[in-house]
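Reader: Please take me through one helix pair in close detail. Then set that pair in its surroundings.

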Amino acid sequence: MKPYCFVLMPFGRKSDESGRFVEFDAVYDKIIAPAIEDASLEPIRADEEIIGGIIHKPMFERLMMCEYAVADLTTANANVFYELGIRHGVRPYSTVPIAASGMRLPFDVAPLRAIFYELDDYGFPVKPESARKLLRERLEACRDPSDDSPLYQLLMDFPRPDLQRLKTDSFRDLVEYSKSIKERLRHAREEGRGAVNVIEKEIEVVDADPAIVIDIFLSYRAVKDWQGMIDLVNKMAPPLKQTILVQEQLGFALNRLQHRKESERILIEIIDSYGPSSETNGILGRVYKDQWAIAKENGSPTASAYLKKAIDAYLQGFEADWRDAYPGINAVTLMECSDPPDPRRTELIPVVAYSVKRRLASKNPDYWDHATELEVHVLSQEAEKAHAALGMVLASIRETWEPETTANNIRMIRKARESRGADCDWIKDIESALEQAQK
């Protein structure tokens, strides 16, 4: 069996203090994971950001028990440095730091012998083979260990823990179990909610690895089992239950089950405690958007108030992070649906268009990026470009509820335009294609 190599690093796209971006998932896929495998080791990536940043028992076990570790110090991520400190406290050697060239490291870790890799203007690795080779060689050199922990380098008489006495066999069993559960969940999301529920029943939620619990939680979302999401939250350990990710998605699920007041309360509490964000405000905007649609259908005088709340929530989320076009496109769509149309949309549409353009140029676009581009072209009345973008949308669908959301937005734009006497036959064609994909 291959020894484990624990990887301490951020997830997704992050920026440093100068605003320079790093696509960490690409760094992992192109440099770190291949180098670890080349060194005949088994990579395990830290999952603390996926589960809201909490440090939990399995995390400590991995930090202590994995024979090797790689720590990406780029952007001076607080979680990574905390974990590196723990690692250096219990492992005198076999921890390899890496970082992106040109990014300043904090003074206390600057002396560490880090391997540097190059990034392009979009934050993706340039010629990753060189850094991959250096990292592989350093990991192989760790088989003939030399102290790399500053603690053990400076304090020669500091007692060294006898890690061999710990339960290494049971640790390996738990790691393999976690990997097998994640693989089963991947298939369960294709089979439906019943398959996800079967896996949940196999674990004791309150004591389980938080990463597994979150994977089950998001799997329920993928199969549109909103009640399953809510029930699972009620079984979670309190620290996990209170993470931003769980509370946001709880608000999302409650709204889907039309418990809108409870959803609104949870999301506003997050914003009050942590400030606005594209994710939280995006979900809150959806709560108000749904209330507006119902009030409008029923002819209620509250419709205009809910529409204003939805626009304000989405706009605040977009202003919190201009890089995330999702709340921006929803804000301008609802501005288009206002009567009369909100004049601010003419200023915002080019901003949203530029935001999604940069995201599409990042080499890692997802469904929502392509869907946003499509909606921008519809709003800008660019029929030819909209039909071209539609093809990318249909090709990038991951979950069945995605095209439903996009079709609803485009339907609202069409109806608003038709009420003003515009020719919208070409928009109907796009709407129909999305509805067919959703089925």
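Author: Start with α9 and α11, which are oblique to each other, because the angle between them is about 140 degrees and roughly antiparallel would need over 145. This is a predicted model. The two axes lie 9 Å apart. The crossing of α9 and α11 is left-handed. Helix α11 covers residues 244-256, and α9 covers 226-235.

Now the contact itself. From α9 come W226, M229, I230 and V233. From α11 come V246, Q249, L250, F252, A253, L254 and R256. By class, the residues of this contact divide into 9 nonpolar, 1 polar and 1 charged.

Step back to the loop that leads into α9. That loop runs between α8 (210-222) and α9, and K224 lies in it. K224 is not a glycine, yet its phi is positive, about 65 degrees. Most residues other than glycine have a negative phi. The relative accessibility of K224 is 24%, so K224 counts as partly exposed.

S40 offers a second case of this backbone feature. S40 is not a glycine either, and its phi is positive at about 60 degrees. S40 sits in the loop between α1 (24-38) and β4 (42-45). With 40% relative accessibility, S40 counts as partly exposed.

Another backbone feature concerns a peptide bond. Most peptide bonds are trans. The bond joining D339 and P340 is cis, with omega about 0 degrees. P340 is placed in the loop between α15 (325-337) and α16 (345-360).

For a second helix pair, take α17 and α20. Helix α17 spans residues 367-379, and helix α20 spans residues 425-438. Their axes come within 11 Å and cross at roughly 160 degrees. That angle is over 145 degrees, so α17 and α20 are roughly antiparallel to each other. Their crossing is left-handed. On the α17 side, the contact uses Y367, L374, H377 and V378. On the α20 side, it uses W426, I427, I430 and L434. The residues of this contact divide into 7 nonpolar, 1 polar and no charged.

Several of these names return in the largest nonpolar core, which has 79 residues. I216, M236, L374, V378, I430 and L434 touch the most other members of that core. Helix α14 (residues 303-320) gives the most to this core, with 9 residues. Follow I430 for a moment. Leaving out residues up to four places away in sequence, I430 touches L374, V378, A386, H387, L390 and I410. Apart from this core there is a second, separate one of 27 residues, including C5, V22, I32 and A35.

One last site deserves a look: N281. This residue lies in helix α13 (residues 278-297). Its relative accessibility is 0%, so N281 counts as buried. Beyond residues up to four places away in sequence, N281 touches I271, P276, A313, Y314, Q316 and G317.

Back to the opening pair. α9 and α11 pack at about 140 degrees, with a left-handed crossing. M229 and I230 of α9 are among the residues that make their contact, as are L250 and F252 of α11.

Note on methods: Residues numbered from 1 in each chain as written. Predicted model: local features only at pLDDT ≥ 70, side-chain atom pairs only at ≥ 80, totals over all residues. Heavy atoms only, no water. Axes fitted to C-alpha atoms, helices over the stretch in contact; angles between N-to-C directions. Helix = DSSP H or I, 4+ residues; strand = E, 2+ residues; numbered from the N terminus. Parallel < 35°, antiparallel > 145°, perpendicular 65-115°, else oblique. Left-handed = near helix turned anticlockwise from the far one by under 90°. Contact = heavy atoms within 4.5 Å. Nonpolar A, V, L, I, M, F, W, Y, C, P; charged D, E, K, R; others polar. Core = buried A, V, L, I, M, F, W, Y, C linked by side-chain atoms within 4.5 Å. Buried < 20%, exposed > 50% of the residue type's maximum accessible area, 1.4 Å probe, protein only.
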